[in-house]
Amino acid sequence: MEFYSEIRRFGDEYGGGFTNGFSLAGSETVQKMTVAEQGRDKTVFSIDGKECLTAYHEKLGEVTVCRSGFKNMTDSPVTLELLSSFAIRGLKADRIHRATSFWSAEGKLLSQNMTELNLEPSWAKHGVRIEKFGQIGSMPVRKWFPFLVLEDSENGCFVGVQLYCGSSWQIEILEKDGTVTVQGGLADRDFGQWTKTVGSGDCFETPKAVIAEGESLLDVCNKLVRAQSPRIAGCDRDLPVVFNEYCTTWGNPTVDNIRRTAERLDGSGVRYLVIDSGWYKNPGEGDWFSKTGDWLPSKTLFPNGIKEVADIIKSHGMIPGLWFEFECLGKDAENYNNTELLVTRDGVPATVGGRRFFDMRSKKVKAFLDERVIGLLKGAGFGYIKIDYNENIGAGADGAESLGEGLRQCVEASREYFRHMTEEMPDLVIENCSSGGHRLEPSFMELASQASFSDAHECASIPLIAANLHRLIRPQQSQIWAVLRKGADLHRINYLLTASFLGRLCLSGEIFDLTDEQWQAALDGIKFYGRIKHIIKNGKTTLIDTDVTDYSAPRGFQAVLRECDNEALLVVHTFEGGANPPVDALLGGYTVIEEFGSALDGDFRGRAYLLKK
């Protein structure tokens, strides 16, 4: 395969083959540019006789890291309408694999033959066939993950790509004459209203993309996931258990509730107790959603200040955590109408579903957040922050040469604030959340210790979503809800606990009301998790076996095998009609050392097996 860059400058002739309106690839600039330097890790292209476009393709371990850099070598500004992070031509593929995503249905695999997409070459090898997909706005994982795997089934070869892009992005698959070209990066002018003006002598560099080759879909996914390099706080590196009280109070935390929870968790092995949304609202002043943005602890809920609650948590041997959605404002926030601080589009505040957005490029916004967010965390002694993000800016923002570029700058400023927080608080544990999983892409994941895998709190599809994410993010970062209810039988409790073994165990629910038998099951689950978490952290997933298609009414079973040296973790769940799955056939020559969960002789059961060769 051949690495290069797709670029289009303002005024270029458009590419032919009936692509105009579908794609900006194949522009006049691309047709005329020549290779000036061919190196092992980069290709330098000459445009108009000047060396100004570089396609970087550096081999790092199991993957190739790609990005593009453009330097304006002319005497006048140049406006770009497209600059890809990667472009590869000369591929052979007959099948593609993508990861779809909606709220509480993250990472569902969609595998299609090229012929199903009408991407086989035409009879005369004329015309270009295109499949273009992506996402517009500030929720980078919405409808699609920025991820693609191409399969050549005849030769058993797979090529995968993952974009590191937190704003609007695109990936294009183009077929003309029996070979395939794939390119992607920032959403272009047609798709994402993006242009970038580069001044004389200035440079612009794209977000990176990571490419991997392998012998199977999971092989490629493992390589892409292992290439991610997250910033993990020191106290979080051994994958401790989290308790988040959101599904206990649903946005109504109180001192008494948190005290009862902390007392129950004392000595359980749980390290973090996280106070979720609503800690800033007062009765009669709106709900938790509309009151986001001021970040002043409620004097009604916490009459002695929120530090008292943090101290209570610490007195029971845990690190206190606090929820924020600091990039957004609800309609009752003090700055909701302060346009000087807000993201605008066409001069009007971007307003979406009762949300507006702080313009994270603003120094005044940063100073406000330094006081209300970092200042509060430091002053009260919180060591963990859950950063939520519950709406999407959309196509763009004012303040740059194009709406798409304005959006890119806003998102990059948000990412920079994540970094700023860890500079101010080096031991801070950051949880990346966006209505569950709308930010589960590598450029945000590399800034966090953990991520909320989904807002799938109590539904039957939790094991399915958790398994999907093995292809896309590190399981050691994937925090999975296990909401324990007093009305649940032991099968239900085991179903949830074993699902959480597919990533990070996060408890919630009215644990202080559980019976001794129920609570003992939870404690046993925590202990078992402690014995298998090194496999979650260091292993690789070699099997995801399920044929479930309907997440709202799953039928059959799922088995996930994760291997680490001579050990493995097998997690099996049954759904409707899926009792008695073929566990013996799934062991793959391993011996069962320890088991946890329910017998798999009924519907909606979960069981985990620690294995050894």
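**Pockets, cavities and packed helices**

Modeller: Let's start with the largest pocket: 21 residues line it, and those nearest its centre are Gly26, Gln31, Val128, Lys176 and Thr181. Keep in mind that this is a predicted model. The volume of this pocket is about 490 Å³.

Colleague: What makes a space a pocket and not a cavity?

Modeller: It's about getting out. A pocket is an open set of points, whereas in a cavity a 1.4 Å probe fits but cannot get out. The space of about 490 Å³ is listed as a pocket, so it counts as open.

Colleague: Which elements help to line the largest pocket?

Modeller: At least two residues each come from α1 (28–32), β8 (86–91), β15 (169–175) and β16 (180–186).

Colleague: Why does a residue like Gly26 count as polar here?

Modeller: Gly isn't on the nonpolar or the charged list, so it lands with the polar ones. Across the whole lining of the largest pocket there are 10 polar, 6 nonpolar and 5 charged residues.

Colleague: What about the second largest pocket?

Modeller: That pocket has about 270 Å³ of volume. Its lining has 15 residues, with Lys108, Leu109, Thr546, Val548 and Tyr551 nearest the centre. Two or more lining residues come from each of β10 (105–113), α10 (462–468) and β32 (540–546), and β10 has the largest share, 4 residues.

Colleague: On to the closed spaces. How many cavities of 30 Å³ or more are there?

Modeller: There are 6. The largest has a volume of about 70 Å³, and helix α8 (residues 403–424) gives the most to its lining, with 3 residues.

Colleague: How do you know which residues in that lining are charged?

Modeller: Go through the names. Glu327 and Arg439 are both in the lining, and Glu and Arg are on the charged list, so both count as charged. That fits the split of 8 nonpolar, 1 polar and 2 charged. The second largest cavity, at about 50 Å³, has 5 nonpolar, 2 polar and 4 charged residues in its lining.

Colleague: And the helices?

Modeller: Take α11 (residues 490–500) and α12 (residues 516–538): they pack at about 20°, with axes 10 Å apart.

Colleague: What makes α11 roughly parallel to α12?

Modeller: Angles under 35 degrees count as roughly parallel. The angle here is about 20°, so α11 and α12 earn the label. Their crossing is right-handed.

Colleague: Which residues of α11 and α12 meet?

Modeller: From α11 come Leu490, Ile493 and Leu497, and they meet Glu517, Gln518, Ala521, Ala522 and Gly525 of α12. By class, that contact has 5 nonpolar, 2 polar and 1 charged.

Colleague: Any other pair?

Modeller: Yes, α5 (residues 255–265) and α6 (residues 306–315). Their axes come within 9 Å and cross at roughly 10°.

Colleague: Why are α5 and α6 called roughly parallel too?

Modeller: Apply the cut-off again: under 35 degrees is roughly parallel. The crossing is at roughly 10°, so α5 and α6 pass. In this contact, Val255, Ile258, Arg259 and Ala262 of α5 meet Glu308, Val309, Ile312 and Ile313 of α6. The class count is 6 nonpolar, no polar and 2 charged.

Colleague: What makes Arg259 and Glu308 charged?

Modeller: Both Arg and Glu are on the charged list, so each of these two residues counts as charged.

Definitions and conventions: Residues are numbered from 1 along each chain as its sequence is written. This is a predicted model: local features need pLDDT of at least 70, side-chain atom pairs count only at pLDDT 80 or more; totals for chains, interfaces and linings use all residues. Side-chain values use heavy atoms; hydrogens and water are left out. On a 1 Å grid over the protein atoms alone, a cavity is a set of points where a 1.4 Å probe fits but cannot get out, and a pocket is an open set with protein on both sides within 12 Å along at least five of seven lines; lining residues have an atom within 4 Å of a point. Grid points are joined across faces, edges and corners, and a volume is the space filled by probe spheres set on the points. Axes are lines fitted to C-alpha atoms, for helices over the stretch in contact, and angles run from 0 to 180 degrees between N-to-C directions. Angles under 35 degrees count as roughly parallel, over 145 as roughly antiparallel, 65 to 115 as roughly perpendicular and the rest as oblique. A crossing is left-handed if the near helix is turned anticlockwise from the far one by less than a right angle, and right-handed if clockwise. Contact means heavy atoms within 4.5 Å.
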